[in-house]
Amino acid sequence: MCGIVGFIGTSNAKNIIIDGLKKLEYRGYDSSGIALFQNGGLKIKKTIGRIANLENAMLGGDYESPGGIGHTRWATHGAPSDVNAHPHSNMAGTIAVVHNGIIENYVELREWLTKEHGVIFLSETDTEVIAHLISLYYENDLVDAVYKAVAKMRGAYAIGAIAANEPDKIVAVRKDSPLVVGLGEDCNFIASDIPALLKYVRKVYLIENNETVILTKNDVKIFDKDRNEIKRDVFHVTWDAVEAEKDGYDHFMLKEIHEQPKCIEETLSRRLTADGKIVLDGISMTKEDIESFNKVCIVACGTAYHAGLVGKTVIEKFAKIPVEVDVASEFRYRDPFVDDKTLFIAISQSGETLDTLAALREAKRRGARVLSVVNVVGSSVSRESDDVFYTWAGPEIAVASTKAYTTQLVCMYLIALYMGLTKGSLDREEFDRVITELKAIPEKLKTLLTKEPVIADLAKTFYKTEQVFFIGRGVDVGVSYEGSLKLKEISYINSFAVAAGELKHGTIALIEQGTLVIALATQDALYEKMVSNVQEVKARGAVVIGFAKEGNQAIENQADKVFYIPECRDEISPLLSVVPLQMLAYYIAKLRGCDIDKPKNLAKSVTVE
Ligand code: F6R
C-alpha cells in the first residue's frame, strides 16, 4: 500500500522525509519519490525500486530544503516505473501531490482535463489528475484549490499537496485512506501511518474522513468539508515503531488474517456492479473467446496451487469446461497438452515465482491464452499475461500466505461465475444466489474471527503434538492441503493432508492411539461420508478436531472437539473454513516459540527453480 510522508520545519526536510518513508517500507512498495521546496520552485526526484535507489539518485545533488512531501508507491494504475512514481506535478512543475488510494472517476477527469483544458499527462496514474485539477483551480491559494479539486473527485484518498508559491505550507486531505499529523517543535508532519513519525514525535492528530489539514512549521489547522475549523484532541503515542507497523498485532500473519474480511470486500466490490453484474477489469475475454476454450489449465505453487484446486471445482461446475490443475514445477516438464484452445490461468501472490513464470511462458509458446490472478501489480507474471485479474489483497508481509489465498479464491469464483453466465451454462438465478452468498462472506468472517479465543484454546491443548493429519472431501480436500501447509511451514510440525476417502488405501496405517486428525466436514453433500471417516480414525485411537457448518451437529458424536463455521454454500465454504486453520497454525506456532513471520528455510518470493 502506498505511504505518504510530509514535513515542514527548519531542519533538512529531505533526510526526515526519506527516513519516514523507510519506516513505511513494511506496507510494501515498488517505487518512491520526493518533492522539496527549493529556490522558489519545487525539486522532484523519483525512482523505481527500493528507497536506496532514490537516495543514490540524489547523491551529490543539492536538496537542502525546509519542507516537502514524499511517497512510496504500491502500483495500482500503471506499472511500477520512474514516471508513474509519485509525487506527480502540474505541467509547470509548480504544484506537487502524493496520494494514497484510488480516484474512481479518474478516466473521465483525465479526458475532461485533456480535451477541455489541454492538459498533457505524463503518467498512467490516477494520481496525476489530482495535480492537474489543483493546478486548474490554483489562484495563489493552495487550500482553496485543494477544496475545489477534491469536490471533483470520487474514490478513496489521502493526499499531500504543495505549491511553489507557498513554500511555508503543506495541505493534506483525507477520505477513506489513512492520514495522521505529527506535532513537532518548530516543525510538523503528515504521514499515512504513525510509524513514519515515531522517531520525531509522540503527539499526533488522527485525521478523519473529509477533513483538510493545513500545516505550517508552527501551526496545524484542521477543517471539515464545509471549511469550518475543527478542534481535535492530541493523541499521545505510547507504542514503539515495530508494534505500530503491526497495528498492535504480535505478528504480520495475525494482522493479515484479520484483514481478510476487508480484503475480500475490496476484491469483490471492485468487480460487482450495482445491477448485479461482474466486471472483469483487466480481462478482455469475449463470449466467443470463452466458447472457444476446450479446457482450462490452472498452474501455481504452494498456497496459490491450493486456490487453484478450488478453482477447478467451481470452473467445472459453473462454466462446464474441463480443468487441469498442476504445480508449476511439474507442468513445464511434462510436455503438457496445451494449445490455442486452452485457457491457462496462472495464480501467484508475488507474480515473481520462477516456476509459475516459466510455466506461463511454456503455455504461451504453445499458443494458450494466458490469464493471471496476481496480487503484486506490475510483477513479471502480470506483465507477461494476456489478461490480469488482480487480487487487491494489499501487501502480504508474513511469509505464510493468508489473505492472498482467500482473495485468490474470490477471483476464482468470479472468473467461474462470469464464464458460466457468459457461456450460458449457468442460469441467472443460480448466478445471483452465489453472488449474494459471496457478498455475505466478509460479515460472516468477522463473526468467525471473534471466535479466535476458542482456536487459541485448541492450540494450547494440541501444540506439543508432533504429527497431524488433515482430511476432507470435495473442496475440503484443497482446504486440508492448505491447513496442513500452514501448520507445517510455521510450526515445523510434521503434518500431512489426504482426501478422506483415500485414507483406507494406505495412510490409515499411520493412525494410532493419540494421533491428531483434523477433519474438515463442511460439505453438506458429503457430510455423512465424512462422519464415517471420522469414525474410522477414531476406531484406531485418533484424537479428532472436526470443522463443520453450524447446524451440522452429528459430528459431535464422533469428534473430540468441533469448531463450527457459519452456514454457506458448499463451494464457497473454503473462504470461511480456512481461516480457523490459519489461526490454529498461528497459535500452535506461537506456543512453540517459532519465528512466525519468517519461518526457517522459506522466502516470500521464490525466484529460483
Ligand atoms: C505458503 C506460501 C507459498 C506460496 C508459493 C507461491 O504460505 O506462501 O506456498 O504460495 O511460494 O508463491 P506466489 O503466490 O507468490 O507465486
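In what order do the eight strands of the open sheet lie? In this predicted model, the order is β3-β2-β4-β1-β10-β9-β11-β15, and the pairing is antiparallel.

**Figure 1. The open antiparallel sheet and its edges.** The edge strands of this eight-stranded sheet are β3 (41-48) and β15 (235-236), each of which pairs on one side only. Strand β11, comprising residues 203-206, is joined to β15 by two bridges in the antiparallel sense. Within this pairing, Lys203 stands opposite His236 of β15. Strands of a sheet pair through backbone hydrogen bonds, either parallel or antiparallel.

**Figure 2. Helices α1 and α2 against the sheet strands.** Helix α1 (residues 13-23) lies across four strands, namely β1 (3-8), β2 (31-38), β4 (67-73) and β10 (188-191). The direction of α1 makes an angle of about 25° with β4. Helix α2 (residues 51-58) also packs on the sheet, where α2 touches β2, β3 and β4. Between the directions of α2 and β3 the angle is about 130°.

**Figure 3. Strand β16 and its two parallel partners, β17 and β18.** Six of the six residues of β16 are buried, so this strand is largely enclosed by the rest of the structure. Lys295, Cys297 and Val299 point one way from β16, whereas Val296, Ile298 and Ala300 point the other way. In a regular strand the side chains alternate between the two faces of the sheet. Five bridges join β16 to β18 in a parallel arrangement, with Phe344 of β18 as the bridge partner of Cys297. Strand β17 (residues 323-327) also runs parallel to β16, again over five bridges; here Val296 has Val323 of β17 as its bridge partner.

**Figure 4. Helix α10 and the residue that follows it.** Helix α10 spans residues 302-319, and its 18 residues reach 25 Å from the first C-alpha to the last, close to the 26 Å expected at 1.5 Å a residue. Of these 18 residues, 13 are buried, so α10 is largely enclosed by the rest of the structure. Lys320 follows α10 and has a positive phi, near 50°.

**Figure 5. Helix α12 and its packing partners.** The end C-alpha atoms of α12 (residues 354-365) are 16 Å apart, which agrees with the 16 Å that twelve residues should span at 1.5 Å a residue. Asp355, Thr356, Leu357, Ala358, Ala359, Leu360, Glu362 and Ala363 are the buried residues of α12. These residues pack against the strands β16 (295-300), β18 (342-348) and β19 (369-374), and against α11 (328-331) and α13 (380-383). Just after α12, Gly367 adopts a positive phi of about 100°.

**Figure 6. Surroundings of Arg332 in the loop between α11 and β18.** Arg332 counts as partly exposed because its relative accessibility is 21%. The side chains of Arg332 and Tyr333 are joined by a polar contact of 3.4 Å. Arg361 is 29 residues from Arg332 along the chain, and the C-alpha atoms of the two are separated by 9.0 Å.

**Figure 7. Residues around the ligand.** Among the 14 residues around the ligand, those that come nearest are Ser348, Gln349, Ser350, Thr353 and Glu489. Gln349 places a backbone N or O atom 2.6 Å from an oxygen atom of the ligand. In Ser350, an N or O atom of the side chain is 2.6 Å from an oxygen atom of the ligand. For Glu489, a polar side-chain atom lies 2.6 Å from a ligand oxygen atom.

Definitions and conventions: Residues are numbered from 1 along each chain as its sequence is written. This is a predicted model: local features need pLDDT of at least 70, side-chain atom pairs count only at pLDDT 80 or more; totals for chains, interfaces and linings use all residues. Side-chain values use heavy atoms; hydrogens and water are left out. The expected span of a helix is 1.5 Å times one less than its number of residues. Buried means under 20% relative accessible area, exposed over 50%, partly exposed in between (1.4 Å probe, protein chains only). Two strands pair if DSSP finds at least two bridges between them. Contact means heavy atoms within 4.5 Å. Axes are lines fitted to C-alpha atoms, for helices over the stretch in contact, and angles run from 0 to 180 degrees between N-to-C directions. A residue is near a molecule or strand if one of its heavy atoms lies within 4 Å of it. A polar contact is a pair of N or O atoms within 3.5 Å; within protein, one must be able to donate a hydrogen and the other to accept it, and residues adjacent in sequence count only if both atoms are side-chain atoms.
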